Amino acid sequence: MTDTQTRPAWQALLAHADQLKLSHLRELFAEHPSRFKDFSLGQGELLLDFSKQRITRETLDLLHNLAQASQVENWLKRMVNGEAINHTEQRAVLHMALRAPLDYALPLQGESTQPEIHHTLDRMRDFCQSIHAGQWLGYDGAPITDVVNIGIGGSDLGPRMAVRALAAHQQPDLRVHFVSNIDGADLAPLLARLNPRTTLFLVVSKTFSTQETLANARSARAWLLAHAPDDSAVARHFVAVSTNLKATAAFGIAGENVFQFRDWVGGRFSLWSPVGLSIALAIGFHNFEALLAGAHAMDQHFLEAPARENLPLTLALLDVWNTNCIGAYSHGIFPYCQSLEFFPAYLQQLEMESTGKSVNREGEPMAYKSCPIIWGSTGTNGQHSFFQLLHQGGQPIPSDFILLRNSDFPLPGHHAQLLANGLAQSAALAFGQTAEEARAGGIPEHLVPYRTFPGNQPSTTLLLERLTPQTLGQLLALYEHKVFCQGVLWNVNAFDQWGVELGKQMANALLPSLSGESCPAHLDASTRGLLQALQ
């Protein structure tokens, strides 16, 4: 067992879990009538209710003892001071600087990061205004009507999620599309619907060498040049978000149309940087600034709120409790908001790429689990598919329910039904239905076993006043900071992702075999057989 879990704070928590494991949420609510008041927190227009978690006041005390023993506050100071807490890549972690005001000091090697960041924001504002005003013209003088973001991972998931989430705030007369998969089925149907005269491509790749992104970008370039008079059209229809100026220039992208960002911006934390250019184009730069402001407000809460009132720390502690103490290896994300349909996928990368690790910061194997499997879907769709497993599948699956007090697309009668379903599901998962209650409700005796629901499924509910750029910024920063805290509590580096690299290297090695070359001799029998079948 590693040193982390042998600490007294861990051992006290595990011993407490053994005592509490037979408790049911029905009993916990009966014994503690003020649970909602005592187990809920707020920040701005966001309310966090965690009263349906399988915890007591003693659980919270022990969890906060763990946070103190893990030195969460000290690690936070190190991050804010610009230390290279991403130690395997020797990088600072300063995505909070991307949404901070110009006069806000977040240092890197003794200097403020803000002048450089705000210079880039000014360039982004000017670019967006030129597109929205119809001043940026294509190769034959037509204004831009469609923008295609070409990226993958953090260069796609965050912007795609935010643009979909803020559909109610989108600019008129400009359509923003996303392409990420190297499968031609992602790009080809989109190109078939677009006009090359009025389409602008954003190629988002820090190194400008990401295999999938470059393959899609080259195909888009070939499509454009099949219609344009000469290669000079590339400079009018391609913009890059990258640090590799040599490669972008070789592609044909003008230097003034390349937006750069620093290596202390991790991909899954990058939508606040020029990676979010597609967001700014979709919703207008003033709304992009509101998104940044919402995130900064959550940053300030995270930095200043006492531990007992700190929303990100609370979420992280609850995840540690559910994963390591009640054995829940899966975590559902259920936004009761269709505009947040891509939010579960965004969190999959944010959380699983950050804390899906089995080696601690000292390079030692961990004897305990870290990140649960993150998955989910929008309500009410999920209720008619996988919620059956949550209600009667017999395994603990914590959930996050996200509800809006006011709909972003109001239709008479719709939103009340949506909210009623969200509230009902979290209550039904928590309290279930006993055999006696089923009988009392008139269920025939032979059906009682099928109409009995054990309940005791833990959940947290996040209530937002409405979905705006400001509140979305709060929500995203909340989960970002939760991940930071999880990394400290589980003693893993939450800011590298070496597990992504091995598959890439192997794919590059296999590619020649799919083009007709002989299979490498070292391949396993399965991969060799599949390659031969494909050939």
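Two strands are taken as paired if DSSP finds at least two bridges between them. On this criterion, the predicted model contains an open sheet of five strands, arranged in the order 6-5-7-8-9 and paired in the parallel sense. Strand 6 (175-179) and strand 9 (258-259) occupy the edges of this sheet, and because each has a single partner strand, one side of each is left without a neighbour in the sheet. At one of these edges, strand 9 pairs with strand 8 (residues 238-241) in the parallel sense over two bridges, and within this pairing Ala240 has Val258 of strand 9 as its bridge partner.

Antiparallel pairing is found elsewhere in the chain. Strand 1 (residues 40-43) and strand 2 (residues 46-49) are joined in the antiparallel sense by four bridges, and the two strands form a hairpin with two residues between them. In the turn of this hairpin, Gly44 adopts a positive phi of about 60°, while Gln43 has Leu46 in strand 2 as its bridge partner. Strand 2 also pairs with strand 13 (residues 459-464), again in the antiparallel sense and over four bridges; here Leu46 stands opposite Leu464.

Strand 13 also contains Thr460, a residue that is buried, with a relative accessible area of 2%. The side chain of Thr460 makes a polar contact of 2.8 Å with the side chain of Gln53. When neighbours within four places in sequence are left aside, the residues in contact with Thr460 are Leu48, Asp49, Phe50, Gln53, Leu315, Leu318, Ser399, Asp400 and Phe401.

Among the helices, helix 16 (residues 343-355) was examined for its length and its surroundings. With 13 residues at 1.5 Å a residue, helix 16 should span 18 Å, and this agrees with its end C-alpha atoms, which are 18 Å apart. Its buried residues are Phe343, Pro344, Tyr346, Leu347, Gln349, Leu350, Glu351, Ser354 and Thr355. The elements that cover these buried residues include helix 8 (157-165), helix 15 (311-324) and helix 20 (469-490), together with strand 10 (330-335), strand 11 (373-376) and strand 12 (399-404).

Phe343 of helix 16 reappears in the description of the nonpolar interior. The largest nonpolar core comprises 118 residues, and those with the most contacts inside it are Phe343, Leu472 and Phe484. Helix 20 gives the most to this core, contributing 12 residues. Phe484, with neighbours within four places in sequence left aside, is in contact with Val72, Trp75, Leu76, Met79, Ile85, Phe302 and Phe495. A second core, separate from this one, has 23 residues, among them Leu187, Phe208, Ala220 and Phe238.

A disulfide is a covalent bond between the sulfur atoms of two cysteines. A search of the whole structure finds zero disulfides. For Cys371, the closest cysteine sulfur is that of Cys485, at 14 Å, which is too far for a bond, given that a disulfide requires sulfur atoms within 2.5 Å. Cys485 is likewise in no disulfide, the nearest cysteine sulfur being that of Cys371, 14 Å away. Cys371 counts as buried because its relative accessibility is 19%, a value under the 20% cut-off, and Cys485 counts as buried at 0% relative accessibility.

Several features of the backbone concern loop residues. Gly379 and Thr380 are joined by a cis peptide bond, with omega at about 15°, and Thr380 is found in the loop between strand 11 and helix 17 (387-392). Gln90, although not a glycine, has a positive phi of about 50°; its place is in the loop between helix 6 (72-80) and strand 3 (107-108), and at 61% relative accessibility Gln90 counts as exposed. Asn456 is also a residue other than glycine with a positive phi, near 65°. This residue, Asn456, has its place in the loop between helix 19 (435-440) and strand 13, and it counts as buried, at 12% relative accessibility.

Note on methods: Residues are numbered from 1 along each chain as its sequence is written. This is a predicted model: local features need pLDDT of at least 70, side-chain atom pairs count only at pLDDT 80 or more; totals for chains, interfaces and linings use all residues. Side-chain values use heavy atoms; hydrogens and water are left out. The expected span of a helix is 1.5 Å times one less than its number of residues. Buried means under 20% relative accessible area, exposed over 50%, partly exposed in between (1.4 Å probe, protein chains only). Contact means heavy atoms within 4.5 Å. A polar contact is a pair of N or O atoms within 3.5 Å; within protein, one must be able to donate a hydrogen and the other to accept it, and residues adjacent in sequence count only if both atoms are side-chain atoms. A nonpolar core is a set of buried Ala, Val, Leu, Ile, Met, Phe, Trp, Tyr and Cys residues joined through side-chain atoms within 4.5 Å.
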